[in-house]
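Me: I should like to go through this protein chain with you, beginning with its interior and ending with its backbone. Please give the reasoning behind each answer.

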Amino acid sequence: MNRRAFLKTLGTAGTALATAPAVAATLVARDAAAASGTQLATLYDLSKCVGCGACVAACREAHEADYPEPKKPFPKMYPERVKAEDFSTKRDIDNRLTPYNWLFIQSATVDRNGTPITVNLPRRCMHCVHPPCVELCPWGSAVRHNDGAVVIDAGICLGGAKCRTVCPWAIPQRQTGVGLYLDLLPAFAGNGVMYKCDRCHSRVAAGGKPACVEACPYEVQTIGPRPEIIAAAHALAKATGGYIYGETENGGTNTLYVSPVPFADLDAALQTGPGQPGLHAAADVMGKEQNLATAVLMAPIAGIAAGLLRLSSRFKAAAPKEDDHA
């Protein structure tokens, strides 16, 4: 990292000297949990995936209660260029990520030494080691837990979509007409709630496994401490002549794929677009000086904002419903 440029970025806020120790601590701490093995990672052996969709169905069943139920008509947004995003009438879509589909199967066929090889890829949040969605969310509604799961708190998310903008794969998806923004400034304060895979954090915290892992009939996925998963990925790649994705992308993720064909070839063959991420060589978003400086400066503000939003959410939950007075 270019120290002079980094401090210059901090200096624009007039706090470079005051925050420099915090910056150094952030650089050290953000990788410590991953190296220690407290973060869990998943390994996908793509040579085993047949694209049956059992994982997708299991994910939907496990998270049915978490899916949004929007209020309509939607508030008019200002400025008018802010558009509503509504998947509530398209809940059955399963060929992309949506607020109602946190996992889907991508397929691509690649010619390998004259032989066509079809690879199926279960796609969902990568659960980055130092996720930009967490570190750059202005409201503190995205959180990375100690086990490496990156979770959006739907109770305080305002749907501003900063998380999707900074995500290298644009994973989070927005549903308009739901969430705390409706009780604040619905025309200005966001546009709904962002949704994505939480890697079944509550199930894992209780000693279980993610629903998709349990449901797979072909044992495509393995979950365990990140150092062990990385070692297993390298052993598998060496044994099969395969290729690894996720170990270093965006500075490292807690989702690793091992494929029988190069990921650059898969990326070129994939159908990509909104809700359909690619497999490009993603640079470390939080390794950029400006982004890391912004994260350090925003952390106290985001923490305060998250506290206030949680307080607002509790007041909303405690408020008597209109029917209570009927």
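Me: Which residues of the largest nonpolar core touch the most other members?

Reply: The model is a predicted one. Its largest nonpolar core has 50 residues. Elements that each supply at least two of them include α3 (54-62), β3 (115-123) and α9 (263-269). The members that touch the most others are W169 and L266.

Me: Which element gives the largest share of this core?

Reply: Among the elements that each supply at least two residues of this core are β2 (104-112), α4 (132-135), β5 (150-152) and β7 (193-195). The largest share is four residues, and the element that gives it is β2.

Me: Which residues does W169 contact, leaving aside its neighbours within four places in sequence?

Reply: A contact requires heavy atoms within 4.5 Å. With neighbours within four places in sequence left aside, the partners of W169 include R123, M126 and C128. The list also includes Y245, E249, N250 and T253. It is completed by P277, G278, H280 and A282.

Me: Is L103 buried or exposed?

Reply: L103 sits in the loop between α3 and β2. Beyond its neighbours within four places in sequence, its contacts include C55, V56, C59 and C212. The relative accessibility of L103 is 3%, and a residue under 20% is classed in this way, so L103 is buried.

Me: What distance separates the C-alpha atoms of L103 and R124?

Reply: R124 is among the residues in contact with L103, as are P122 and R123. Along the chain, L103 and R124 are 21 residues apart. Their C-alpha atoms are separated by 4.8 Å.

Me: How many disulfides does a search of the whole structure find?

Reply: A disulfide needs two cysteine sulfur atoms within 2.5 Å. For C167, the nearest cysteine sulfur belongs to C128 and is 6.3 Å away. For C216, the nearest is that of C52, at 6.1 Å. Over the whole structure, the number of disulfides found is zero.

Me: Is C216 buried or exposed?

Reply: The class depends on relative accessible area, with buried meaning under 20%. C216 has a relative accessibility of 19%, so C216 counts as buried.

Me: Which element gives the largest share of the lining of the second largest pocket?

Reply: This pocket has a volume of about 170 Å³. Its lining includes D66, W102, V150, V151, I152, M194 and Y195. Two elements, β5 and β7, give two or more residues to that lining. The largest share, three residues, comes from β5.

Me: The peptide bond from K72 to which residue is cis?

Reply: The bond in question has omega near 0 degrees. The residue that follows K72 across it is found in the loop between α3 and β2. That residue is P73.

Me: What is the phi value of A161?

Reply: A161 is placed in the loop between β5 and α5 (162-166). Its relative accessible area is 9%, so A161 is buried. Its phi is positive, in a residue other than glycine, and lies near 70 degrees.

Me: Where is C200, whose phi is near 45 degrees?

Reply: The phi of C200 is a positive value in a residue other than glycine. C200 counts as buried, at 7% relative accessibility. Its place is in the loop between β7 and α6 (201-205).

Conventions. Residues are numbered from 1 along each chain as its sequence is written. This is a predicted model: local features need pLDDT of at least 70, side-chain atom pairs count only at pLDDT 80 or more; totals for chains, interfaces and linings use all residues. Side-chain values use heavy atoms; hydrogens and water are left out. A nonpolar core is a set of buried Ala, Val, Leu, Ile, Met, Phe, Trp, Tyr and Cys residues joined through side-chain atoms within 4.5 Å. Buried means under 20% relative accessible area, exposed over 50%, partly exposed in between (1.4 Å probe, protein chains only). On a 1 Å grid over the protein atoms alone, a cavity is a set of points where a 1.4 Å probe fits but cannot get out, and a pocket is an open set with protein on both sides within 12 Å along at least five of seven lines; lining residues have an atom within 4 Å of a point. Grid points are joined across faces, edges and corners, and a volume is the space filled by probe spheres set on the points.
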